[in-house]
Amino acid sequence: VEGKSWWKQEIPTQEEFDLGIGNLEKHGMKVDHIITHTLPHEILELKFRMYKEYDSSLSSYLRFIASHVEFSSWHSGHMHDDIQLGKYHIHYLQTMEI
């Protein structure tokens, strides 16, 4: 619910999306680690059966990153749980050295 569990100011602006893609392009769309608050929607659906997309621009952006960027691991804390799904890591109490 906007204003209770998330706020519109949390969603990056188009300028911030463009800056992120530009920085990834400067590095050949390859990075070691990705750290975001949430994960691509498909990963959330896979584990948590979450179907509601809170913001389609953020969901589209993360989907693009997941499908176009070569990365070793993706780290998130959104779900307040400690789970590993392949190279996707959801952190809550557990930490790991990267």
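Student: Why is Tyr61 called buried?
Tutor: The relative accessible area of Tyr61 is 17%. Buried means under 20%, exposed means over 50%, and partly exposed lies in between (1.4 Å probe, protein chains only). Tyr61 falls under the 20% limit, so the residue counts as buried.

Student: What kind of model is this, and how are residues numbered?
Tutor: The model is predicted: local features need pLDDT of at least 70, side-chain atom pairs count only at pLDDT 80 or more, and totals for chains, interfaces and linings use all residues. Residues are numbered from 1 along each chain as its sequence is written, and side-chain values use heavy atoms, with hydrogens and water left out.

Student: How many aromatic pairs are there, and what makes two rings a pair?
Tutor: The count comes to 4 aromatic pairs. Rings of Phe, Tyr and Trp (its six-membered ring) pair if their centres lie within 6.5 Å. Planes under 30 degrees apart are stacked, over 60 edge-to-face, and the rest tilted.

Student: Why is the pair of Phe17 and Tyr61 called tilted?
Tutor: Their centres are 4.4 Å apart, with 35° between the planes. That angle is neither under 30 nor over 60 degrees, so the pair is tilted.

Student: What makes this a link between distant parts of the chain?
Tutor: Phe17 is in helix 1 (residues 14-26) and Tyr61 in helix 3, 44 residues apart. Helices are DSSP runs (H or I, at least four residues), strands are E runs of at least two, and both are numbered from the N terminus. Phe17 is buried as well, at 6% relative accessibility.

Student: Why is the pair of Phe71 and Trp74 called edge-to-face?
Tutor: The planes of Phe71 and Trp74 meet at 75°, with 5.5 Å centre to centre. The angle is over 60 degrees, so edge-to-face fits. Phe71 is buried at 7%, and Trp74 at 0%. Ring pairs link Phe71, Trp74 and Tyr88 into a cluster.

Student: What makes Lys87 a charge over the ring of Phe71?
Tutor: Lys87 lies over the face of Phe71, 4.1 Å from the ring centre. The rule asks for NZ of Lys or CZ of Arg within 6 Å of the ring centre and within 35 degrees of the ring normal.

Student: How do you know that Arg63 and Glu42 form a salt bridge?
Tutor: Their closest N and O atoms are 2.5 Å apart. A salt bridge needs a side-chain nitrogen of Lys or Arg within 4 Å of a carboxyl oxygen of Asp or Glu. The distance is within that limit, so the pair qualifies. Arg63 sits in helix 3 (residues 56-68) and Glu42 in helix 2 (residues 41-48), 21 residues apart. The structure holds 1 salt bridge.

Student: Why is Glu42 called partly exposed?
Tutor: Glu42 has 36% relative accessibility, so the residue falls in the in-between class. Arg63, at 31%, is partly exposed too.

Student: Why is Gln84 called exposed?
Tutor: Gln84 reaches 53% relative accessibility, which is over 50%, so the residue counts as exposed. Gln84 is found in strand 3 (residues 83-85).

Student: What is the radius of gyration of the protein chain, and what does the globule rule give?
Tutor: The chain has 14 Å, and a compact globule of 98 residues would be near 13 Å, which agrees. The radius is taken over C-alpha atoms, and the rule is 2.2 Å times the number of residues to the power 0.38.
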